[in-house]
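Please look over the sequence and the model below before reading on. The report that follows takes up a strand, a core, some rings and a loop in turn.

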Amino acid sequence: MSRTAKIIVLFIVVIAVGWGIGKYTAPSASPEDGTNINTGTELAGEPGAAAEPTAVPSADPDGQEQNTGNNAGAEPAPEVTAAPAETPAPTKKPAATDKPAPTKKPATGSSGNNNAEMTAAEPESITVMVNKQYKLPDNYKPADLVYPDVPFIFSEKIEKRMMRREAAKALEEMFAGAKKDGVYLAGVSGYRSESTQKRLFNNYVARDGEEKARTYSAVPGHSEHQTGLAIDLSGSDGKCAAESCFAGTKEANWLAEHAAEYGYIIRFLEGKQAITGYIYEPWHVRYVGKEMAAEIFESGLTLEEYYDAVPVSK
């Protein structure tokens with residue numbers, strides 16, 4: 001082969017090798033494909049992968065999960081990055097800031113007519129309303145009745161010596177507080193069953209007539225004594241027990257001034273018969289808890305007024 005022919009062949013080989021190199025290296029330089037399927041880091045430089053780490057479910061203020069997926073890192077779906085902006089719930093006012101229901105109108109099983117009889121929806125509540133409109137469920141009996149460790153005007157451990165546990169503890173503290181002030185109290189009548197209240201009411205009706213009996217005694221089912229949260233008190237000598245002459249005694253005066261400190265209120269205030277339905281009873285105290293008792297005492301309101309409930313008219 002001549003020298004000229006050799007040069008031509010060599011030139012052709014060089015061209016062929018250069019063409020081959022260009023053909024197999026060109027794809028890696030393409031600006032249209034930024035995904036390398038062999039590295040496993042294809043999302044690192046993509047705008048879609050900059051979304052918040054939503055792989056862990058987040059909860060809105062109501063406890064509902066907004067995102068239950070766990071594959072956000074594999075497929076950067078647009079809705080994943082938009083979810084936080086679409087949730088207005090955090091701007092809602094938390095329900096917990098509302099005043100607890102017991103300090104509003106008492107919950108009942110019925111409503112409507114001002115003269116209608118309504119059943120207490122939560123009879124076990126310390127703040128339950130029981131009066132001439134609001135009644136307890138039939139045959140209701142508290143489950144936590146105990147005998148408070150305080151003196152009574154009788155010695156027998158009978159029904160009317162009992163009270164609900166929380167009220168009994170507060171009663172013991174109140175008696176101790178009174179004793180420190182030189183005032184000696186005694187229990188007269190605490191819890192009553194519905195059958196006992198029925199017997200007492202019928203006796204009062206037989207003696208004084210129903211109209212008068214209703215001014216100082218409750219129809220069965222409507223007596224606070226049936227809640228186990230109310231008690232009639234007197235001095236340790238038992239004089240004027242549950243009688244009008246108790247008013248003005250040092251025991252009555254002490255109760256009016258200090259009962260609220262122990263969670264009790266004078267339930268039937270003087271001059272409020274048109275609202276409570278009962279005559280002034282300075283001996284009848286009702287446990288509602290220290291917070292509510294303090295509010296009622298400072299306001300001078302009856303329980304009906306405090307609840308903004310239906311005034312009693314009969």
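What follows is a description of selected features of this structure, which is a predicted model.

Strand β6, which spans residues 230-235, is mostly covered, with six of its six residues buried. On one hand, β6 pairs with strand β5 (residues 185-189) in the antiparallel sense, over four bridges, and within this pairing Leu-233 of β6 is the bridge partner of Gly-187. On the other hand, β6 is joined to strand β8 (residues 281-287) by three bridges, and these two strands likewise run antiparallel; here Asp-232 stands opposite His-284 of β8. As background to such strands, side chains in a regular strand alternate between the two faces of the sheet.

Leu-233 also leads into the interior, since the largest nonpolar core has 34 residues, and those that touch the most other members are Leu-171, Met-174, Leu-233, Trp-254, Leu-255 and Tyr-264. The elements that contribute two or more residues to this core are α3 (165-180), β6, α6 (250-258), β7 (264-268) and β8, and of these α3 gives the most, with seven residues. Which residues does Leu-255 touch, once those up to four places away in sequence are not counted? Leu-255 touches Met-174, Leu-185, Leu-233, Phe-246, Ile-266 and Pro-282. Apart from this core lies another one, of 13 residues, which includes Ala-260, Val-288, Met-292 and Ala-309.

The aromatic rings form a further topic, and the count of aromatic pairs comes to six. One of them is made by Tyr-306 and Tyr-307, whose planes stand at 65° with the ring centres 6.0 Å apart, so this pair is edge-to-face, the planes being over 60 degrees apart. Both partners are covered: Tyr-306 counts as buried because its relative accessibility is 14%, under the 20% limit, and Tyr-307 counts as buried because its relative accessibility is 2%. Tyr-307 is found in helix α9, residues 303-307. Although Tyr-307 and Met-129 are 178 residues apart in sequence, their C-alpha atoms are 8.7 Å apart in space.

Other tyrosine rings have a lysine charge placed over them, as the table sets out.

| Lysine | Ring | Distance to the ring centre |
|---|---|---|
| Lys-132 | Tyr-278 | 4.7 Å |
| Lys-157 | Tyr-147 | 5.1 Å |

The last site to consider is a loop residue. Asp-144 is found in the loop between β2 (134-135) and β3 (145-146). Is Asp-144 buried or partly exposed? With a relative accessibility of 23%, Asp-144 counts as partly exposed, because this value falls between the 20% limit for buried residues and the 50% limit for exposed ones. When its neighbours within four places in sequence are left aside, Asp-144 is in contact with Met-163, Arg-164 and Arg-165. With Arg-164 in particular, the side chain of Asp-144 makes a polar contact to the side chain of its partner, at 3.0 Å, and the C-alpha atoms of these two residues are 5.4 Å apart in space, whereas in sequence Asp-144 and Arg-164 are 20 residues apart.

Terms used
Residues are numbered from 1 along each chain as its sequence is written. This is a predicted model: local features need pLDDT of at least 70, side-chain atom pairs count only at pLDDT 80 or more; totals for chains, interfaces and linings use all residues. Side-chain values use heavy atoms; hydrogens and water are left out. Buried means under 20% relative accessible area, exposed over 50%, partly exposed in between (1.4 Å probe, protein chains only). Two strands pair if DSSP finds at least two bridges between them. Rings of Phe, Tyr and Trp (its six-membered ring) pair if their centres lie within 6.5 Å; planes under 30 degrees apart count as stacked, over 60 as edge-to-face and the rest as tilted. A charge sits over a ring if NZ of Lys or CZ of Arg is within 6 Å of the ring centre and within 35 degrees of the ring normal. A nonpolar core is a set of buried Ala, Val, Leu, Ile, Met, Phe, Trp, Tyr and Cys residues joined through side-chain atoms within 4.5 Å. Contact means heavy atoms within 4.5 Å. A polar contact is a pair of N or O atoms within 3.5 Å; within protein, one must be able to donate a hydrogen and the other to accept it, and residues adjacent in sequence count only if both atoms are side-chain atoms.
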